[in-house]
Amino acid sequence: MAVPMTGHFGRRLRRLRGERSQKEVAEALGIPTTTLSSLEQQETVPRGPMLQRLADHFGVPREYFYPPDRRATTGAREWLRQLRQTS
């Protein structure tokens, strides 16, 4: 079963913030410090305009926060298993 990649969002956001304080980054983004804290703790996970604002601020593509999940699905694993058995 695939686990959603949302677990990586907060860690990636904290990495981008680096040594700067939450207050400093929140002010630069024009959001409350509590909102940035919620995002880093993944109490909320942004989409749409907020995600774009974060990407623009840090100079990264939106996909940085949600990289593609490259794990094989159950169907793909089964197909590979069958393929290997017939080879």
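Which pattern does the protein chain follow when read along the sequence? In this predicted model, the run is α-α-α-α-α. Put as a tally, the protein chain has five helices and zero strands. Of its 87 residues, 28% are buried. Contacts also reach well along the sequence: taking those with a separation of 6 or more, 61% involve residues 24 or more positions apart.

Now for the charged side chains. In general, side chains of opposite charge can pair when their charged atoms come close. How many salt bridges does a search of the whole structure find? It turns up one. The partners are Glu40 and Arg17, whose closest N and O atoms sit 2.5 Å apart. Glu40 belongs to helix H3 (residues 33-40) and Arg17 to helix H1 (residues 9-17), so the pair ties together parts of the chain that are 23 residues apart in sequence.

Are the two partners buried or exposed? Both are buried. Glu40 has a relative accessibility of just 2%, so it counts as buried. For Arg17 the figure is 15%, and because the cut-off for buried is under 20%, Arg17 counts as buried too.

The surroundings of the pair can be read from their contacts. Setting aside residues up to four places away in sequence, Glu40 touches Gly10, Leu13, Arg14, Arg17 and Gln22. With neighbours within four places likewise left out, Arg17 is in contact with Gln22, Val25, Leu36, Glu40 and Phe58. Gln22 thus turns up in the list for Glu40 and again in the list for Arg17.

Helix H1 deserves a look of its own. Its buried residues are Phe9, Gly10, Leu13, Leu16 and Arg17. Around the helix axis they cover an arc of only 125°, which puts them on the same side of H1. And what covers that buried set? The cover includes helix H2 (22-29), along with H3 and H4. Just after H1 comes Gly18, with a positive phi near 60°.

The packing of H1 against helix H4 (residues 48-58) comes next. As a rule, two packed helices are described by the angle between their axes and the distance between the axes. For H1 and H4, the angle is about 30° and the axes are 11 Å apart. The crossing of H1 past H4 is left-handed. On the H1 side, the residues involved are Phe9, Leu13, Leu16 and Arg17, and they meet Leu51, Leu54 and Phe58 of H4. Sorted by type, this contact has six nonpolar residues, no polar ones and one charged. Arg17, then, takes part in the meeting of H1 with H4 as well as in the salt bridge with Glu40.

Back in H3, the helix that holds Glu40, there is also Thr34. Is Thr34 buried or exposed? Its relative accessibility is 58%, so Thr34 counts as exposed, whereas Glu40 is buried. Thr34 can also be placed relative to Lys23: the two are eleven residues apart along the chain, and their C-alpha atoms are separated by 8.8 Å.

Methods:
Residues are numbered from 1 along each chain as its sequence is written. This is a predicted model: local features need pLDDT of at least 70, side-chain atom pairs count only at pLDDT 80 or more; totals for chains, interfaces and linings use all residues. Side-chain values use heavy atoms; hydrogens and water are left out. A salt bridge is a side-chain nitrogen of Lys or Arg within 4 Å of a carboxyl oxygen of Asp or Glu. Helices (H or I, at least four residues) and strands (E, at least two) are DSSP runs, numbered from the N terminus. Buried means under 20% relative accessible area, exposed over 50%, partly exposed in between (1.4 Å probe, protein chains only). Contact means heavy atoms within 4.5 Å. Axes are lines fitted to C-alpha atoms, for helices over the stretch in contact, and angles run from 0 to 180 degrees between N-to-C directions. A crossing is left-handed if the near helix is turned anticlockwise from the far one by less than a right angle, and right-handed if clockwise. Ala, Val, Leu, Ile, Met, Phe, Trp, Tyr, Cys and Pro count as nonpolar, Asp, Glu, Lys and Arg as charged, and the others, Gly among them, as polar. The arc is that of the directions from the helix axis to the C-beta atoms.
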